[in-house]
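Student: I have a model open and I'd like to learn how to read its features. Can we walk through a few?

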Amino acid sequence: MVAATVGSAVGLGNIWRFPAEVQSNGGAAFLIVYLLCVIILGIPVMLSEFAIGRAGRSDSVGAFKNLGARKGWWFVGGLAILASYLILCFYMVVAGWTFEYLWQSVTGGLFEVASENVSLHAHYVGRMDSFITQPVAPLVNTWIMILINLGVLLAGVQKGIERMSNVMMPVLFLILLVFIFVSLSLPGAGDGVKFFLSPDFSKITPGVVLNALGQAFFSLSLGMGILITYSSYFPKSANLTRTAVTVAGLDMLVALMMGLVIFPAVTSFGLGGEELRGAALVFITLPEVFEQMSLTRFWAILFFLLLTVAALTSTISIAEVSVAFIRDRFHLKRWKACMVVLVPLFALSALCSLSLGPLNDIRIVGFNIFDFLDNVATNIMLPVGSILLCIYVGWFAPKGLFRGQLTNDGGLRSAMYRPVLFVVRYVAPLLIALVLVSYFL
């Protein structure tokens, strides 16, 4: 299950969301804060989720109940399930974008410029805007990705999720390595590397710290119930500390690799600028880069295959949280639980998709539905859920549970136990709470 757990952490959060967050939050300054959040807070919170999951042997709610948690603590697991499902609603839409761009790369339609008087940048901006705002095509691609998710989830954890992760994760790393080599060999690539790795600490603000914290939790799948659910399948012999360090290390590695792909290529072709944010870095900028390289279609297919793989590892992992909950709490067969979770997504993801086009006038505290779910789930629900999780593990969990899980009931020596427990009890809840408060004041 380690490969499946890595697959849950390494996905669209690293490939699509991370570069956008880096560019929008000051480049290397954001990167430094993000790495610190992963190391100081991410690994201890991950170990807390692992301990609850393996000891509780159930879904995110059932694990708390199986541990004899006092009435009300199961709410922490319920909050994680709700957050993950809200994320899934808009994540399926992004997954649909990746499938569309993969298909357009295969057919060559992505590189058909309507007029010679239109610049490449204007062409790809227009293509992206036209695609995500129209009512039909994004829905069809989103629904295709939902169906693929359904097929993998129906196959179960070992035959479906784990088998897929064992194949796709090595493919993902291999494709990234190829792109790093190509990107760093481009003229002027050094400016992009400098933007990504040379920090300007004056750009660090409470908002940047909160975004870095949200990205760390998002990319590590913390607070979503994924790690509790997956660790419930871990064997008793699994070394939780080693697994957490491995997952966090690979997560940071993929994020760094993606930065070394994106930013050297962007600066090499003079495509940087304040207007290139969010989805533009992947769906607008990189096709421009591919246009200026030999074997244009080959590189485009390779990259958007990578992005589609990342989309599948992410969405399948998130969906499994709700599937496990429905199956365990309501004693349903797996296929029925999959239907209960995924069928409503056809409508909910459609709502998110349409909020970028025909329903864009519908606003919730200034955000469209897509962005509202992203901000609330990522920057509020995940950190709040993690605070409550740390408080439970540090102060209210059964005596000896955390030590027993980290040491496999004394079978392993864990020098990290005491410092990790200190972080879980004091540092993580305080720092996360301070970041949230400073942002909203």
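**Reading cysteines, a loop residue and a helix pair**

Tutor: Sure. The sulfur of C89 has its closest cysteine sulfur in C352, 5.4 Å away, which is too far for a bond. Keep in mind that this is a predicted model.

Student: Where is the cut-off, and how many disulfides does that leave?

Tutor: A disulfide needs two cysteine sulfur atoms within 2.5 Å. By that rule the count is 0 disulfides. C37 is in none either: its nearest cysteine sulfur, in C390, sits 13 Å off.

Student: Are C89 and C37 buried or exposed?

Tutor: Buried means under 20% relative accessible area. C89 counts as buried because its value is 4%, and C37 is buried too, at 9%.

Student: C37 is in α3, right? What does α3 pack against?

Tutor: For a helix pair, look at the axes, then the residues that touch. The axes of α3 and α10 (residues 206-219) come within 8 Å and cross at roughly 50 degrees, so α3 is oblique to α10. The crossing is right-handed. C37 is one of the α3 residues making the contact, along with others including F30 and Y34, while α10 brings V208, N211 and F217, among others.

Student: And N25, where is that?

Tutor: N25 sits in the loop between α2 (12-24) and α3 (28-56). With a relative accessible area of 8%, N25 is buried.

Student: Which residues does N25 touch?

Tutor: Leaving out residues up to four places away in sequence, N25 touches F30, V208 and N211. The side chains of N25 and N211 also share a polar contact of 2.9 Å.

Technical notes: Residues are numbered from 1 along each chain as its sequence is written. This is a predicted model: local features need pLDDT of at least 70, side-chain atom pairs count only at pLDDT 80 or more; totals for chains, interfaces and linings use all residues. Side-chain values use heavy atoms; hydrogens and water are left out. Helices (H or I, at least four residues) and strands (E, at least two) are DSSP runs, numbered from the N terminus. Buried means under 20% relative accessible area, exposed over 50%, partly exposed in between (1.4 Å probe, protein chains only). A polar contact is a pair of N or O atoms within 3.5 Å; within protein, one must be able to donate a hydrogen and the other to accept it, and residues adjacent in sequence count only if both atoms are side-chain atoms. Contact means heavy atoms within 4.5 Å. Axes are lines fitted to C-alpha atoms, for helices over the stretch in contact, and angles run from 0 to 180 degrees between N-to-C directions. Angles under 35 degrees count as roughly parallel, over 145 as roughly antiparallel, 65 to 115 as roughly perpendicular and the rest as oblique. A crossing is left-handed if the near helix is turned anticlockwise from the far one by less than a right angle, and right-handed if clockwise.
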